[in-house]
Amino acid sequence: ALDMVFGFIHSAMKDDPTTFDGFDIAKFLGVERSVRVTTMANGDMLCMKLHEVFGVDDQFNEEMGNAMKQQILVNATEGRREEYDSAAGLAILFDQAGGQLTPAMANAINESTENQPRIEALIAEVKVE
């Protein structure tokens with residue numbers, strides 16, 4: 001409930017998009033806040049998520065965030081159900097939008113594919129039961 005989800009709200013809070021009138025509910029509750037990547041996220045939010053997950057890189061700018069937003073919409077229009085909130089999902093989206101993968105992004109993708117056989121086996125096991 002403390003994730004930033006809606007880009008239009010984010011755009012309205014120019015000074016600090018994570019607070020409202022100086023009040024930070026996440027800090028008040030002692031939890032970490034995060035940007036959630038959905039079709040409602042805007043380019044700025046996607047850029048914030050890149051920084052949050054992968055640190056600072058010159059490619060992580062508003063232009064790339066907007067390209068990623070467009071790619072999310074293209075994927076949705078094509079009926080592709082993608083996940084963008086994990087490090088691997090975000091890295092794949094970044095690549096699809098024309099970004100050059102950083103070593104941390106490549107590592108996140110590699111780690112996710114290494115676990116894929118185990119995940120598929122667990123899903124198959126649950127479906128049998």
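This is a conversation about a predicted model, in which a trainee asks how some descriptions of its helices and residues are reached.

Trainee: Why are helix α4 and helix α5 called roughly perpendicular?

Mentor: Helix α4, residues 62-77, and helix α5, residues 87-96, pack at an angle of about 95°, with their axes 9 Å apart. Angles of 65 to 115 degrees count as roughly perpendicular, and therefore α4 is described as roughly perpendicular to α5.

Trainee: Which residues make the contact between α4 and α5?

Mentor: On the α4 side they are M64, M68, Q71, I72 and N75, and on the α5 side L90, L93, F94 and Q96. Sorted by class, this contact has 6 nonpolar residues and 3 polar ones, with no charged residues.

Trainee: How do you know that the span of helix α3 agrees with what its 12 residues should give?

Mentor: The expected span is 1.5 Å times one less than the number of residues, so the 12 residues of α3, numbered 43-54, should span 16 Å, and the end C-alpha atoms are indeed 16 Å apart.

Trainee: What is found at the two ends of α3, and which of its residues are buried?

Mentor: At the start of α3, a side-chain oxygen of N42 comes to within 3.1 Å of the backbone nitrogen of D44, while α3 is followed by G55, whose phi is positive, near 85°. The buried residues in α3 are G43, M45, L46, C47, K49, L50 and F54.

Trainee: Why is N61 called partly exposed?

Mentor: N61, in the loop between α3 and α4, has a relative accessible area of 31%. Buried would mean under 20% and exposed over 50%, so N61 falls in between and is called partly exposed.

Trainee: What makes the approaches of the N61 side chain to D58 and M64 count as polar contacts?

Mentor: The N61 side chain reaches the backbone oxygen of D58 at 3.4 Å, and a polar atom of that side chain lies 2.8 Å from the backbone nitrogen of M64. The cut-off for such a pair of N or O atoms is within 3.5 Å, with one able to donate a hydrogen and the other to accept it, so both approaches count.

Trainee: Does S112 count as buried, exposed or partly exposed, and what does its side chain approach?

Mentor: S112, which lies in helix α6, has a relative accessibility of 25% and therefore counts as partly exposed, the cut-off for buried being under 20%. A polar atom of the S112 side chain lies 2.8 Å from the backbone oxygen of I109.

Technical notes: Residues numbered from 1 in each chain as written. Predicted model: local features only at pLDDT ≥ 70, side-chain atom pairs only at ≥ 80, totals over all residues. Heavy atoms only, no water. Axes fitted to C-alpha atoms, helices over the stretch in contact; angles between N-to-C directions. Helix = DSSP H or I, 4+ residues; strand = E, 2+ residues; numbered from the N terminus. Parallel < 35°, antiparallel > 145°, perpendicular 65-115°, else oblique. Contact = heavy atoms within 4.5 Å. Nonpolar A, V, L, I, M, F, W, Y, C, P; charged D, E, K, R; others polar. Buried < 20%, exposed > 50% of the residue type's maximum accessible area, 1.4 Å probe, protein only.
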